[in-house]
Amino acid sequence: MAAATEPRAHGAAPLRWQWIAPLREYWTIAETLAAAATTSEAARATAAHELSMAWQDRDAAEILLLAGSSADALRVGLSAAAHLEKALAVAGDGAAQLSTSERRDTDAFHAFVVEAGNAPDLDSRVTPAQRTALAAAIRAGLRLERRLGARFLDAAGYARLRLWNRARVCVAVAVVVLLLVFTAKVARATRASASGSLNPIYGPDRAIDGDVNTDWVAGAAAPWIEVWLPYARRLGRITLVDGHVVHDRAAKDVRVDIYAHDRVVGSMVAAFGPPGPSPSVVSLDPAGVRADRVRVTITSAYGSGAALSEILVD
């Protein structure tokens, strides 16, 4: 039994980690260098020339096709296919070295050549099938030329390719790291929510913006506002600044509930003085309780409604 199961155990690992191979090749281009080592300098130079010609003709075919000159696009496309075939032939046994995706792209060019046949002289005689085959060949040619181009570089070209690939990997990693840091920072930012607001201009965020000249103005009965901390921590002091920006709206009596993961771990009450030239301020000591959320419920108000200017949690 052990002998029967051993091959499966050894054969499973490469399947789990096969996604690493393309990344390793992109970083080292080892397989590309190994393939290039079997090609002579003369063959490499000839193949690179044919590939450049194929690229040029494919670009021209695309422009002509978009301009509506279908017959000319077919003829130039056939020229691109011929140059591509020569590049593969000069490089040796090209078919054996092509990956599955590269073979598919090569097949698309072959299908185009068969469909195009003897390209017509007049645009009116170009069939929809020929246009479709040419468009597919143009897309396949772009992919194929990019992949094959690396096999026909000189030594300096390989050095530039490796450097360019690694630079792109580093940039991609840096972007991912920055996105993760930004996401973590946003996720861990202090935020506020409330039972409601008089209107969007006086939303709960105005009570945590650090500006005593902006108010959160409540818009419902028994109003409350919560401050969510980035993470649970021991609280030093809670300072409340009463509303004073909107005329005839300010808090009078408040209850402060302190939460740790949706469990109340402390409650206090406070009262603001009557509105005056300067906003009333109350300071509360939560006795170092560990919490991640503070809710302020306004149980009575001065004037026609409740408001708070700032909630500071140290």
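Contact here means that heavy atoms lie within 4.5 Å of each other, and this is the sense in which one element is said to cover another in the tour that follows, which runs through a predicted model.

Begin by selecting helix α8, residues 128–149, and colour its buried positions, which are Gln130, Ala133, Leu134, Ala137, Ile138, Ala140, Gly141, Leu144, Glu145 and Leu148. If you then bring up the surroundings, what covers these buried residues of α8 includes α4 (41–67), α5 (70–90) and α7. A distance drawn between the end C-alpha atoms of α8 should read 31 Å, which agrees with the 32 Å that its 22 residues should span at 1.5 Å a residue.

Move next to one of those covering elements, helix α7, residues 100–116, where 17 residues reach 24 Å from the first C-alpha to the last, close to the 24 Å expected at 1.5 Å a residue. Select Glu102, Asp105, Thr106, Phe109, Phe112 and Ala116, which are the buried residues of α7. Turn the view until you look down the axis of α7, and these buried residues fall within an arc of 110°, so they line one face of the helix. An α-helix has 3.6 residues a turn, so residues three or four places apart point the same way. On the other side of α7 you will find Thr100, Arg104 and Val114, which are exposed. Just after this helix, select Gly117, whose phi is positive, at about 55°.

For the next stop, select Glu31, which has its place in helix α3, residues 30–37, and which is exposed, with a relative accessible area of 57%. Add Arg151 to the selection: although 120 residues separate Glu31 and Arg151 in sequence, their C-alpha atoms are 9.7 Å apart in space.

Continue to helix α9, residues 155–187, and pick out Val171. The residue is exposed, with a relative accessible area of 51%, and together with Val175 and Leu179 it makes a nonpolar surface patch of about 260 Å².

Finish at Pro275, in the loop between β6 (263–271) and β7 (281–284). Which residues is Pro275 in contact with, leaving aside its neighbours within four places in sequence? Showing Ala250 and Tyr302 beside Pro275 gives the answer, since these are its contacts once those neighbours are set aside. Pro275 is nevertheless exposed, because its relative accessible area is 57%, and its C-alpha atom is separated by 8.6 Å from that of Asp248, which is 27 residues away along the chain.

Note on methods. Residues numbered from 1 in each chain as written. Predicted model: local features only at pLDDT ≥ 70, side-chain atom pairs only at ≥ 80, totals over all residues. Heavy atoms only, no water. Patch = residues over 30% accessible without salt bridge, like charges linked within 9 Å, V, L, I, M, F, W, Y side chains within 5 Å. Areas by Shrake-Rupley, 256 points an atom, 1.4 Å probe, with all protein chains shown as cover. Salt bridge = Lys/Arg side-chain N within 4 Å of Asp/Glu carboxyl O. Helix = DSSP H or I, 4+ residues; strand = E, 2+ residues; numbered from the N terminus. Buried < 20%, exposed > 50% of the residue type's maximum accessible area, 1.4 Å probe, protein only. Expected span 1.5 Å × (residues − 1). Arc of directions from axis to C-beta.
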